[in-house]
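Trainee: I'd like to learn how to read a model like this one, feature by feature. Could we go through it together?

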Amino acid sequence: MATDDEPREEQDGHADGRRLGDPERGARDLTGRSPKARAWRTFLETSAIVNDRMEKRLHASTGLRLTDYNVLLLLAESEDHSLRMGDLAERMVFSPSRLSYQAKALQRRGLIDRTPDPADRRGMTASLTQEGRRVFREASQVHGGHIRQLFHGALDEEEALELQRLCWKIQTRAADGD
């Protein structure tokens with residue numbers, strides 16, 4: 001039986017027995033060896049890998065970045081296809097300046113409009129344009145296929161529900177920590 005200081009053999013993953021989240025044999029793992037520390041590292045690395053693959057596929061297929069797509073998604077799901085910029089920034093987990101930059105780029109492409117908020121002239125509202133709706137519809141078909149390829153095939157229904165439950169639990173804990 002391996003101790004906490006010895007590398008453990010894994011049954012699946014790489015041909016040499018290690019998983020993606022495991023350090024190379026002989027390399028130091030400075031993130032810790034507890035199950036929670038290793039879960040954190042695996043979660044972080046898996047998120048980065050999936051985001052990278054999704055970003056590359058979406059951009060190659062549609063010219064959109066994931067952040068572009070997510071702005072369009074949030075606007076498409078909102079009432080009247082519009083959101084106050086502050087609300088959009090909060091839901092994107094973006095700083096207002098980062099969202100402003102993102103929104104200007106989408107506006108230049110004709111995908112969204114930004115107008116003074118009718119309820120509060122100090123704020124701005126982002127709205128999907130007709131072109132933005134068309135681009136979003138096309139991109140959502142492509143992006144949905146990528147999700148099915150990379151994510152759905154890796155989980156059965158029970159695992160998907162458990163992953164969702166765990167993510168909600170982590171999100172709640174993170175929100176409570178603010």
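Trainee: Let me start with one side chain: is Glu162 buried, partly exposed or exposed?

Mentor: Before that, keep in mind that this is a predicted model. The general idea is to look at relative accessible area, where under 20% is buried and over 50% is exposed. Glu162 has 35% relative accessibility, so it counts as partly exposed.

Trainee: Which residue does Glu162 form a salt bridge with?

Mentor: Its partner is Arg165, and the closest N and O atoms are 2.8 Å apart. Both residues sit in helix α6, three residues apart, which is about one turn of the helix. Arg165 is at 40% relative accessibility, so it is partly exposed too.

Trainee: What other salt bridge joins residues about one helical turn apart?

Mentor: Go to helix α5, where Arg134 and Glu131 are three residues apart and therefore separated by about one helical turn. They form a salt bridge with the closest N and O atoms 2.6 Å apart. Arg134 has a relative accessibility of 34% and counts as partly exposed. Glu131, with a relative accessible area of 35%, is partly exposed as well.

Trainee: How many salt bridges does a search of the whole structure find?

Mentor: Nine. Some are linked up: Asp52, Arg53 and Lys56 form a network of salt bridges.

Trainee: And which parts does the salt bridge between Arg84 and Asp117 tie together?

Mentor: With any salt bridge, check where each partner sits along the chain. Here the side chains of Arg84 and Asp117 meet at 2.6 Å, N to O. Arg84 belongs to strand β1 (residues 82–84), while Asp117 is in the loop between β2 (112–116) and β3 (124–128), so the pair ties together parts that are 33 residues apart in sequence.

Trainee: Are those two partners buried or exposed?

Mentor: Take them one by one. Asp117 is at 5% relative accessibility, so it counts as buried. Arg84 is partly exposed, with a relative accessible area of 32%.

Trainee: Let's zoom out. How many helices and strands are there in the protein?

Mentor: Six helices and three strands. Reading along the sequence, you get the pattern α-α-β-α-α-β-β-α-α.

Trainee: What percentage of the residues is buried?

Mentor: Of the 178 residues in the protein, 26% are buried. As for the surface, the protein exposes about 12,600 Å², and carbon and sulfur atoms supply 52% of that.

Trainee: Where should I look for contacts between residues far along the sequence from each other?

Mentor: Begin with the overall share, then pick an example. Among contacts between residues at least 6 apart in sequence, 45% join residues at least 24 apart. For the example, try Val142, which is in helix α5. Leaving out residues up to four places away in sequence, Val142 touches Ser61 and Thr62. Val142 and Arg57 are 85 residues apart in sequence, yet their C-alpha atoms are 8.9 Å apart in space.

Trainee: How exposed is Val142, buried or partly exposed?

Mentor: Partly exposed, at 28% relative accessibility.

Trainee: Now surface charge. Which residues form the negative surface patch?

Mentor: For a patch, look for like charges grouped on the surface. Asp156, Glu157, Glu158 and Glu159 form this one. Asp156 lies in the loop between α5 (130–150) and α6 (157–176). Its relative accessible area is 42%, so Asp156 is partly exposed.

Trainee: Last topic, the backbone. Which residue in the loop between α2 and β1 should I look at?

Mentor: When you scan phi angles, pick out positive values at residues other than glycine. His81 lies in the loop between α2 (66–77) and β1. His81 has a positive phi of about 55° although it is not a glycine. Its side is partly covered: His81 has a relative accessible area of 24% and is partly exposed.

Trainee: And where is Val93 placed?

Mentor: In the loop between α3 (85–92) and α4 (96–108). Val93 is not a glycine either, and its phi is positive, about 60°. With a relative accessible area of 71%, Val93 is exposed.

Note on methods:
Residues numbered from 1 in each chain as written. Predicted model: local features only at pLDDT ≥ 70, side-chain atom pairs only at ≥ 80, totals over all residues. Heavy atoms only, no water. Patch = residues over 30% accessible without salt bridge, like charges linked within 9 Å, V, L, I, M, F, W, Y side chains within 5 Å. Areas by Shrake-Rupley, 256 points an atom, 1.4 Å probe, with all protein chains shown as cover. Salt bridge = Lys/Arg side-chain N within 4 Å of Asp/Glu carboxyl O. Lys, Arg positive; Asp, Glu negative; His and termini not counted. Charge placed at Lys NZ, Arg CZ, Asp CG, Glu CD. Helix = DSSP H or I, 4+ residues; strand = E, 2+ residues; numbered from the N terminus. Buried < 20%, exposed > 50% of the residue type's maximum accessible area, 1.4 Å probe, protein only. Contact = heavy atoms within 4.5 Å.
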